[in-house]
Amino acid sequence: MFLVFNNHEEDKLAISAWVDNKFVQRNYIVKKNNDFLLCLEKFLSSQKFTLKDLTGLGVVMGVGRFTATRLLVTMANTLAYSLKIPILKLDNNFDMQTALKQIKQAKTGEYILPIYSSEPHINSKSK
């Protein structure tokens, strides 16, 4: 199963997959950035799959909040490393058919770096 993470909307995570020759997508509310793993677990459970069924990962880049993107890329790279599967960096308007062809040609052991939509906005309060 090829799985794609997309955090382009604030407080939401879309997980898409190509399952049994059909495109499946679920959207999850993310209250804390560490909810990403819980969303993945819910998605896999709803499709009756486990982590071992993953054959590749994709992460949509250039959209979404800075910290959420950073954490999502870290999680996806960690999964790709531990499962020994390839990972892709995808544009917001990616085409699933093209992504499926790319993941088949991608090499295991190559990882992605985050691309952000803007500079981080770090607020500090001075007293």
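Select Asp11 to begin, in the loop between β1 and β2. The model on the screen is predicted. Asp11 has a positive phi of about 65° although it is not a glycine. With a relative accessibility of 37%, Asp11 counts as partly exposed, because that class lies between the limits of under 20% for buried and over 50% for exposed.

**A second loop with positive phi**

Move next to Lys48, in the loop between α1 and β4. Here too a residue other than glycine has a positive phi, near 60°. Is Lys48 buried or exposed? Its relative accessibility is 74%, so Lys48 counts as exposed.

**Strand β3 and Arg26**

Select Arg26, which belongs to strand β3. This residue is partly exposed, at 36% relative accessibility. Which residues does Arg26 touch, not counting those up to four places away in sequence? They are Leu13, Ala14, Ile15, Phe43, Ser46 and Gln47. For Leu13, one may display the C-alpha distance: Arg26 and Leu13 are 13 residues apart in sequence and 8.4 Å apart in space.

**Helix α1 and Leu38**

Proceed to Leu38 in helix α1. A relative accessible area of 47% makes Leu38 partly exposed. Tyr28 is 10 residues from Leu38 along the chain, and the C-alpha atoms of the two are separated by 9.7 Å.

**Where α1 meets α2**

Now show α1, residues 36–46, together with α2, residues 66–83. The axes of the two helices are 10 Å apart and form an angle of about 55°. The helices are therefore oblique to each other. To see the contact, select Phe36, Leu37 and Leu40 on α1, and then Ala68, Leu71, Leu72, Met75 and Leu79 on α2. How do the residues of this contact divide into nonpolar, polar and charged? There are 8 nonpolar residues, no polar ones and no charged ones.

**Along helix α2**

Keep α2 in view and hide α1. Helix α2 has 18 residues and reaches 26 Å from its first C-alpha to its last, close to the 26 Å expected at 1.5 Å a residue. Colour its buried residues: Ala68, Thr69, Leu72, Val73, Met75, Ala76, Asn77, Leu79 and Ala80. An α-helix has 3.6 residues a turn, so residues three or four places apart point the same way. Against which elements do the buried residues of α2 pack? They pack against β1, β2, α1, β4 and β5, the last of these spanning residues 87–90.

Two residues of this helix merit a separate stop.

- Thr69, in helix α2, is buried at 1% relative accessibility. Beyond residues up to four places away in sequence, Thr69 touches Asn7, Met61, Val63, Gly64, Pro114, Ile115 and Tyr116.
- Asn77, also placed in α2, is buried with a relative accessible area of 15%. Leaving aside neighbours within four places in sequence, Asn77 is in contact with Ile87, Tyr111 and Ile112.

After α2 comes Lys84, whose phi is positive, near 55°.

**The nonpolar cores**

The tour ends in the interior. In soluble globular proteins, nonpolar side chains tend to be buried together. In this model the largest nonpolar core has 29 residues, and Leu3, Phe5, Leu57 and Val59 have the most contacts inside it. Which elements each supply at least two residues of this core? Select β1 (2–6), β2 (12–19), β3 (22–29), α1 (36–46), β4 (56–60) and α2 to display them. Helix α2 gives the most to this core, with 7 residues.

Centre the view on Leu3. Not counting residues up to four places away in sequence, Leu3 touches Ile15, Ser16, Ala17, Leu40, Phe43, Leu54, Gly56, Leu57 and Gly58. Two names from earlier stops return in this list: Leu40 and Phe43. Leu40 takes part in the contact of α1 with α2, and Phe43 is also touched by Arg26.

As a last selection, turn to a second, separate core of 10 residues, which includes Val60, Val63, Met96 and Ala99. Val63 has appeared before, among the residues that Thr69 touches.

Definitions and conventions. Residues numbered from 1 in each chain as written. Predicted model: local features only at pLDDT ≥ 70, side-chain atom pairs only at ≥ 80, totals over all residues. Heavy atoms only, no water. Helix = DSSP H or I, 4+ residues; strand = E, 2+ residues; numbered from the N terminus. Buried < 20%, exposed > 50% of the residue type's maximum accessible area, 1.4 Å probe, protein only. Contact = heavy atoms within 4.5 Å. Core = buried A, V, L, I, M, F, W, Y, C linked by side-chain atoms within 4.5 Å. Axes fitted to C-alpha atoms, helices over the stretch in contact; angles between N-to-C directions. Parallel < 35°, antiparallel > 145°, perpendicular 65-115°, else oblique. Nonpolar A, V, L, I, M, F, W, Y, C, P; charged D, E, K, R; others polar. Expected span 1.5 Å × (residues − 1).
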